[in-house]
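Colleague: I should like to learn how to read the features of a model such as this one. Please take me through them in turn.

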Number of protein chains: 2
Amino acid sequence: MLLNEARLAACMKRDDLAAVVATAPENVTYTSGFWAMTQWIRRGPQAYALWPVAGHGEPVIVTSTATLDLVADQDAWVERVRRFGDFSVVSDEGELDPTSARQRALHELPDDGDALSALVAAITDAGLARARIGVDELGLLPGYWDRLQKRLPAATLVPAASLLRKVRAVKTEEEVARLRRAAEIAERSIAAALAIAREGVTELELARAFHTRTVEDDALPVLGCIGFGPRSALMNVQPSDRRLAHGDVIRFDVGGRYRHYRADIARIATLGEPGAEILRCHRALLAGVERACEIIRPGVRAATVFEAAVETVRRSGIPDYARNHVGHGIGLDGYDAPDLSPGSPDVIEEGMVLCVETPYYVLGRWGLQVEDMVVVRADGVESLMTTAGDIRVVG
Amino acid sequence: MLLNEARLAACMKRDDLAAVVATAPENVTYTSGFWAMTQWIRRGPQAYALWPVAGHGEPVIVTSTATLDLVADQDAWVERVRRFGDFSVVSDEGELDPTSARQRALHELPDDGDALSALVAAITDAGLARARIGVDELGLLPGYWDRLQKRLPAATLVPAASLLRKVRAVKTEEEVARLRRAAEIAERSIAAALAIAREGVTELELARAFHTRTVEDDALPVLGCIGFGPRSALMNVQPSDRRLAHGDVIRFDVGGRYRHYRADIARIATLGEPGAEILRCHRALLAGVERACEIIRPGVRAATVFEAAVETVRRSGIPDYARNHVGHGIGLDGYDAPDLSPGSPDVIEEGMVLCVETPYYVLGRWGLQVEDMVVVRADGVESLMTTAGDIRVVG
């Protein structure tokens with residue numbers, strides 16, 4: 001299961017919530033296992049998951065009739081469904097394969113009309129109409145919060161996006177497995193790109209090789225910042241026709257989405273041996289990531305990790321190194337909790353998956369960056385990487 | 001330019017707006033030409049475009065300091081920028097290449113602190129603090145609307161998402177060119193997938209071949225519904241390990257994103273000659289699309305197109321054909337205006353780009369679908385397709 005059920009229960013108890021309603025795509029998939037394509041590829045389509053505390057009935061998926069095939073074809077652990085809206089499928093009377101049969105049964109559920117009516121019905125049916133309910137405010141259409149409150153006048157609705165972000169921060173083993181594979185695919189995609197790196201190749205050509213490996217490994221491209229030479233200093237560099245030249249830095253800040261889970265890693269290559277300054281700076285950045293990974297363990301403050309990493313980079317070769325964070329959690333979202341930043345209130349916990357990074361951008365010259373994905377275990381970090389952060393010299 | 005400036009001006013005049021604020025990724029890119037990666041790949045990061053009427057200053061991009069490299073590296077037609085937040089880049093004093101120099105200049109702009117403060121400053125600077133302003137409500141974080149109104153107590157804020165959707169419905173030639181290429185890439189990707197279609201191949205293998213062609217053509221995968229046999233009847237079918245068997249229908253409902261513009265097309269193949277019922281139904285569906293395309297021209301009601309398509313399908317071989325729409329606009333979003341549905345108030349206009357579709361899903365057996373992309377010209381439709389909608393027989 002993706003959902004960390006014990007952590008959700010603890011957070012709901014802390015906030016005295018009788019139920020949580022997930023509305024943003026990440027939170028719906030996280031709490032229910034249901035991936036509603038429509039809400040993932042566009043903004044607007046509504047799908048929800050209602051997760052009540054024990055004793056208030058079963059969790060419920062609330063989704064449009066046009067997505068019932070996905071409910072039928074997925075292994076969602078939430079089995080109750082409410083549907084809304086029209087969608088025509090033809091169904092014979094005869095025996096069907098299990099997926100089609102389940103879809104037919106779902107179409108036979110009553111049509112609740114629209115998303116909010118279906119959600120109100122789910123809440124009311126669970127005896128929660130007068131309860132204190134956490135509602136993920138991020139996925140609701142504008143105005144829906146007020147309309148929901150009006151339809152449930154005796155309920156106390158409180159925003160729950162930050163609670164769900166907190167729950168999502170500590171991964172289950174199923175999530176770690178997906179993140180490990182996402183990271184591995186990103187590394188394999190970097191290797192595929194570097195395999196064609198030679199003088200005259202363009203950033204776009206490397207990007208094509210990168211994304212081809214990603215889709216051949218059943219992930220979807222998301223983050224594909226690949227830049228050469230001075231363009232490697234553009235923090236969000238988008239591949240262009242710039243041709244690779246001798247001495248160029250190649251910076252990858254990349255990662256796709258594998259079974260809905262994101263990767264975000266960074267590696268550096270150079271065409272030909274790197275110069276002394278690049279070597280010195282990269283060693284310092286790598287030392288910063290390594291130092292962060294040394295001290296990360298349950299109970300350590302995220303701000304402490306930040307300070308240790310920055311201080312190490314400064315001491316190791318970049319005295320004026322400045323940075324506003326040295327990493328973040330990752331999962332269904334590319335920036336999960338915690339934030340490894342100076343003002344972060346977060347504390348490292350076992351099971352968190354972190355991107356630890358020390359980027360350094362020198363305008364007009366080059367950008368260097370090391371970014372590793374790690375999972376926090378009881379006694380420290382376990383790396384999800386299969387490659388070291390050293391500079392790869394190509395050509 | 002992507003923006004249909006004359007149409008925006010006319011819609012703003014109709015609604016008596018002195019300015020429009022774009023907040024959703026599609027609308028920011030549309031009105032300004034600026035693609036802020038952060039808001040496209042996650043929900044939460046804020047970027048805006050302020051578009052005033054003539055006489056109220058220049059349009060302004062409002063974005064985080066962490067995205068200024070993208071401003072510097074893109075050909076946005078909006079040149080004024082306000083930035084907010086910290087982000088460290090190192091800059092030498094010396095001469096820089098043009099992109100780096102522009103980025104350095106952008107970093108030297110004052111830091112407005114946070115997104116709303118920067119937007120309020122842009123509005124106030126333009127002399128619009130007491131004006132009637134259309135604010136795209138879709139991209140704002142929850143609570144931001146109220147905070148914006150509080151910071152601009154004399155301004156009249158009105159929701160503008162539907163206005164922007166209406167403006168976006170009539171494409172500029174630059175948009176048509178991108179959509180044409182997006183459609184072509186989808187067709188090429190279908191051809192690449194069918195090139196490996198033989199008995200025993202899996203849906204996932206076809207999907208890999210499909211997406212590989214898409215990324216090699218510089219598009220990003222978005223919609224990849226590819227299903228065999230009974231799975232072709234799942235309307236949002238996600239590729240699985242299902243193996244292709246003789247007699248199977250293969251349904252593609254697919255399209256990537258090329259230079260931010262979406263494709264959404266559908267084609268049918270069969271492994272071996274299709275049976276009589278499949279042929280009859282597919283012919284009826286194709287006739288429906290063809291009939292819709294015959295009558296689509298400026299001034300025709302979208303609801304009339306719906307009625308004509310459904311009626312044609314019924315008369316041509318599927319007497320009980322039922323459907324809640326026969327297509328929609330497409331552009332930066334996968335579902336732009338108009339809606340080709342029975343209750344649609346929309347009227348077809350020259351320059352609209354439409355997906356015209358007649359899907360038919362028979363649970364447990366097969367799904368058939370024809371979906372073409374067309375652009376509306378003065379005297380009818382111009383197809384953006386390079387292939388006909390006929391069944392392709394493979395194997």
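Modeller: The dialogue below treats the symmetry, the domains, the helix packing and the backbone in turn. This is a predicted model, in which local features need pLDDT of at least 70 and side-chain atom pairs count only at pLDDT 80 or more, whereas totals for chains, interfaces and linings use all residues. Residues are numbered from 1 along each chain as its sequence is written, chains are lettered from A and ligands numbered from 1 in the order in which they are written, and side-chain values use heavy atoms, with hydrogens and water left out.

Colleague: By what turn and what shift can chain B be laid on chain A?

Modeller: In general, two copies of a chain are related by a rotation about an axis and a shift along it. Here a turn of 180° and a shift of 0.0 Å along the axis lay chain B on chain A with an RMSD of 0.0 Å. The two copies are thus related as by a two-fold rotation axis. The superposition is by least squares on the C-alpha atoms of residues with pLDDT of at least 70 in both copies.

Colleague: Which residue of chain B comes closest to the rotation axis, and through what surface do the copies meet?

Modeller: Of the residues of chain B, Thr212(B) comes closest, with its C-alpha at 2.6 Å from the axis. As for the surface, 100% of the interface residues of chain B are also interface residues in chain A, so the copies meet through the same surface.

Colleague: Into which domains is chain A divided?

Modeller: Chain A has domain 1 (5-168) and domain 2 (173-394), with bounds that come from an automatic or database domain assignment. The centres of these two domains of chain A, taken over C-alpha atoms, are separated by 35 Å. Eight residues from domain 1 of chain A and eleven residues from domain 2 of chain A take part in the contact between them, where contact means heavy atoms within 4.5 Å.

Colleague: How should helix packing be read, and at what angle do α11 and α12 of chain A pack?

Modeller: Two packed helices are described by the angle between their axes and the distance between the axes. Helix α11 (residues 276-295) of chain A packs with helix α12 (residues 302-316) of chain A at an angle of about 150°, and their axes are 8 Å apart. Axes are lines fitted to C-alpha atoms, for helices over the stretch in contact, and angles run from 0 to 180 degrees between N-to-C directions. Helices (H or I, at least four residues) and strands (E, at least two) are DSSP runs, numbered from the N terminus. α11(A) and α12(A) are therefore roughly antiparallel to each other; angles under 35 degrees count as roughly parallel, over 145 as roughly antiparallel, 65 to 115 as roughly perpendicular and the rest as oblique.

Colleague: What is the hand of the crossing of α11(A) and α12(A), and which residues make the contact?

Modeller: The crossing of α11(A) past α12(A) is right-handed. A crossing is left-handed if the near helix is turned anticlockwise from the far one by less than a right angle, and right-handed if clockwise. Among the contact residues are Ala284(A), Gly288(A) and Arg291(A) of α11(A), together with Val305(A), Ala308(A) and Thr312(A) of α12(A). The residues of this contact of α11(A) with α12(A) comprise nine nonpolar, four polar and two charged. Ala, Val, Leu, Ile, Met, Phe, Trp, Tyr, Cys and Pro count as nonpolar, Asp, Glu, Lys and Arg as charged, and the others, Gly among them, as polar.

Colleague: At what angle do α2 and α8 of chain B cross?

Modeller: Helix α2 (residues 25-32) of chain B and helix α8 (residues 161-168) of chain B cross at roughly 55°, and their axes come within 11 Å. α2(B) and α8(B) are therefore oblique to each other, and α2(B) passes α8(B) in a left-handed crossing. Tyr30(B) of α2(B) and Leu164(B) of α8(B) are among the residues that make the contact.

Colleague: Where is the cis peptide bond of chain A?

Modeller: The bond from Ala337(A) to Pro338(A) is cis, with omega near 0°, and Pro338(A) belongs to strand β13 (residues 336-339) of chain A. Asp16(A) is not a glycine, although its phi is positive at about 55°; Asp16(A) is placed in the loop between α1 (5-14) and β1 (19-22) of chain A.
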